[in-house]
Amino acid sequence: MLRLGPIAAAARRLPAGPCPGPLCLAGSRGSFARSWPPAGDRRPLFRQVRAAAAGGERVRVLKTPKGTRDHPPAQTALRDRLLSAVVSCFKRHGAAAIDTPVLELRETLMGKYGEDTKLIYELQDQGGELLALRYDLTVPFARYLAMNKVTNMKRYHVAKVYRRDNPATTRGRYREFYQCDFDIAGQFDPMIPDAECLKIVHEILSDLQLGDFIIKVNDRRILNGVFAVCGVPESKFIPACSTVDKLDKVPWEEVRSEMVGEKGLSPEAADRIGEYVQLHGGLDLIERLLQDPKLSQNKLAKEGLGDMKLLFEYLTLFGITEKISFDLSLARGLDYYTGVIFEAVLLHQENEHVEEAVSVGSVAGGGRYDGLVGMFDPKGRKVPCVGVSIGIERIFSILEQRLEAEMLYKKDPKLLKQLQYCEDTGIPLAAIVGEQELADRVVKLRDVATREQVDIPREKLIDEIRRRLEP
């Protein structure tokens, strides 16, 4: 049976008759015709449909689902150029592309993402098979390695993933979005693949010229060692890790409160953890922690600090240590990480008098996951892996805001028509230059949404636009 929308349903209520007009509708069982428009009625077609629909169902407003969006040609072209730049870097480092299904068995994904497991989209097909939309590209890659008995591979993968998250579209966080992953699987000398992943992040962010950035690094073994020497039971390592991971978003006092109130840690253990996870630095901090009377006695922490020191030696050879920070607050809440973890964030200056920059958002992240492939292998055979995911949607949002400028292609356009065009297409700012502005050497900057406008000196216009468009 054909389900008619509200407009078609309204059309069926019109008087019957021949169909001399421009529109005829046909049903699924036989055909029917309606006079359109009715004799003597000269109203525009849309107004007639709207009037006819008023007596029945309300006309729906078409939109995409929450946390998703369409990409018109200009945005698609920009995204393609961005993806091409990222993929070119992956290829320079010798990676080959693979693809995996957007659907995975539910059991493949469950238990791999810590507290974020609740964000997985679960499905059930008509045969009763329990399925889920992929949450990331890492777990499907591990499944692919185990299923195909691959023990050595350098791959990249660009595809959409899905998360039942609270979207923040202005910050590039969606429910459907692209991930761009680079991973190295196989047994190699310690920290060489890990250093290459960090080098790739450095290359991509430098080439894209997004602004100043820092790459934070830590090691899950160091974090687990910290938890152990602070008196946290091993069964609470992962919950404690998920809480520490929030330190880049909320102050320590809130993190401590959650550890004690929700995760069941003692106040004394939380305070001891706080002494460590608020430290950040470079080789000097690594050396200091290697001499720490407590951490130096913990096997996991000692191994992690030793590898971290080796990693910094390779990064020094690459010449990128000025962008690397050993940060004990970095936790990466996913369950499958086993060693080095890292995250790249963009920075900006609060003002010219403040030396320390603050983070405005993560644009890449990854780490080592040596045990994940073994979870899918029937005999539990492990394949060491390390990889990085580039936050392409976040970067796309930043680049998109930098490409706002356009002109209305009219010979003598009226100002009101230009402003209406800005409102219709979502352009946030309009720069107006007339005879008076030319004489005064200023540009009138108008906020399209609020309709407020101010005169800005020409030499300050770029800085003012950047300030207003800051994410």
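Is Glu196 buried or exposed? In this predicted model, Glu196 counts as buried, because its relative accessibility is 17% and the cut-off for burial is under 20%. Its salt-bridge partner is Lys154, with N and O 3.2 Å apart. Lys154 is partly exposed, at a relative accessible area of 26%. The two come from distant parts of the chain: Glu196 belongs to helix α6 and Lys154 to strand β5, 42 residues apart.

Let us step back to the whole chain. Its secondary structure comes to 16 helices and 15 strands, and buried residues make up 45% of its 471 residues. The salt bridges number 28, so there are others to visit.

One of them joins Lys323 and Asp212, whose closest N and O atoms are 2.4 Å apart. Lys323 sits in the loop between α12 and β9, and Asp212 in the loop between α6 and β7, so this pair ties together parts 111 residues apart in sequence. Here Lys323 is buried at 18% relative accessibility, whereas Asp212 is partly exposed at 37%.

Glu464 and Arg467 offer another case, with a closest N to O distance of 2.7 Å. Both lie in helix α16, and because they are 3 residues apart, about one helical turn separates them. Glu464 is buried at 15%, while Arg467 is exposed at 55%. Elsewhere, Arg92, Lys199, Glu203 and Asp207 form a network of salt bridges.

Finally, look at helices α9 and α10, which pack at about 145 degrees with axes 9 Å apart. Their crossing is right-handed. The residues of this contact divide into 7 nonpolar, 1 polar and 2 charged; among those that meet are Trp252 and Met259 in α9 and Ile273 and Val277 in α10.

Note on methods
Residues numbered from 1 in each chain as written. Predicted model: local features only at pLDDT ≥ 70, side-chain atom pairs only at ≥ 80, totals over all residues. Heavy atoms only, no water. Axes fitted to C-alpha atoms, helices over the stretch in contact; angles between N-to-C directions. Helix = DSSP H or I, 4+ residues; strand = E, 2+ residues; numbered from the N terminus. Left-handed = near helix turned anticlockwise from the far one by under 90°. Contact = heavy atoms within 4.5 Å. Nonpolar A, V, L, I, M, F, W, Y, C, P; charged D, E, K, R; others polar. Buried < 20%, exposed > 50% of the residue type's maximum accessible area, 1.4 Å probe, protein only. Salt bridge = Lys/Arg side-chain N within 4 Å of Asp/Glu carboxyl O.
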